[in-house]
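Please work through the exercises below with the model open beside the text. Each task is followed by a solution that proceeds step by step.

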Amino acid sequence: RSAKDTQTAVRKSLSRTQLDVVADVLGKAGVFYVTVTGGEPFLRTDELFSFLDALRKQNIRLMINSNATRIGGQEAERLSAYPIEMFLASLISWDPAQHDRIALAPTSHQRAVSGIRNLQKVGIPVAINMVATKLNYREVYRTGLWVSEDLGVQNFSATPICPFLPEHRELELDKKESSETIAQL
């Protein structure tokens, strides 16, 4: 990511004050459940926890959607204080090499699994979602099995990639591949 891309992303991010206003508006509107997602919400940990505090003050229950790669023991412990009904962690493949290759991030599989285990240790319910692409859709069944047997996570889903960049269109599943994915699920 270039410095310009980072600056653009920061400009598009809400400040703590803006996040507090959002939480207040949601509470006053009677919203009782919020899913916090991104991008990756744990890239801005201080703002995230500030927002979670504001949501908790409004008695709003939570689901968090993240790749879990930034969930160390301390983050998991902090998260355990919030009314999190589900933490939806992304996992691209059961196979570490395949996961890291598709994520373009060495050790991302190891860090995701570590984060998931940290969440489990503090009692936060975890579900796993696998984004299915042309590169990994044949692994849906094997990944779901691995998630159940090795991680002890019983809630597993797979969703097809929805490309927002033109260069990701080539990863989109065709009808046959989508049918095979559904059959594996």
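The exercises go from the whole chain to its core, and then to single residues.

Residues are numbered from 1 along each chain as its sequence is written. The model is predicted, so local features need pLDDT of at least 70 and side-chain atom pairs count only at pLDDT 80 or more, while totals for chains, interfaces and linings use all residues, and side-chain values use heavy atoms, with hydrogens and water left out.

**Exercise 1. Overall fold**

Determine how many helices and strands the protein chain has, and how its radius of gyration relates to the globule rule.

Solution. Begin with the elements, which are DSSP runs numbered from the N terminus (helices: H or I, at least four residues; strands: E, at least two). The protein chain has 8 helices and 5 strands, and from the N terminus on their order is α-α-β-α-β-α-β-α-α-β-α-β-α. The radius of gyration of the protein chain is 17 Å, close to the 16 Å that the globule rule gives for 185 residues, so the chain is as compact as a globular protein of that length; the radius is taken over C-alpha atoms, and the rule is 2.2 Å times the number of residues to the power 0.38. Along its principal axes, the C-alpha trace spans about 45 × 40 × 30 Å. Finally, turn to contacts (heavy atoms within 4.5 Å): of those with a separation of 6 or more, 71% are between residues 24 or more positions apart.

**Exercise 2. The nonpolar core**

Find which residues have the most contacts inside the largest nonpolar core, and which helix gives the most to it.

Solution. First fix the terms: buried means under 20% relative accessible area, exposed over 50%, and partly exposed in between (1.4 Å probe, protein chains only). A nonpolar core is a set of buried Ala, Val, Leu, Ile, Met, Phe, Trp, Tyr and Cys residues joined through side-chain atoms within 4.5 Å. Buried residues make up 37% of the 185 residues in the protein chain. The largest nonpolar core has 34 residues, and those with the most contacts inside it are Val36, Leu52, Leu55, Leu79 and Phe87. Helix H3 (residues 45–57) gives the most to this core, with 6 residues. Val36, leaving aside its neighbours within four places in sequence, is in contact with residues including Leu48, Phe51, Leu52 and Leu55.

**Exercise 3. Phe49**

Is Phe49 buried or exposed, and which residues is it in contact with beyond its neighbours within four places in sequence?

Solution. Phe49 is found in helix H3, and its relative accessible area of 1% means that Phe49 is buried. Leaving aside its neighbours within four places in sequence, Phe49 is in contact with Phe42, Glu75, Arg78, Leu79 and Tyr82. For Leu79, 30 residues from Phe49 along the chain, the C-alpha atoms of the two are separated by 8.3 Å.

**Exercise 4. Backbone details in loops**

Locate the cis peptide bond, and then state where Asn59 and Thr107 lie and how accessible each is.

Solution. The cis peptide bond joins Gly38 and Gly39, with omega about 25 degrees, and Gly39 is found in the loop between strand E1 (33–36) and H3. Asn59 lies in the loop between H3 and strand E2 (61–66); its phi is positive, near 60 degrees, and at 65% relative accessibility Asn59 counts as exposed. Thr107 lies in the loop between H5 and H6, has a positive phi of about 70 degrees although it is not a glycine, and at 39% relative accessibility counts as partly exposed.
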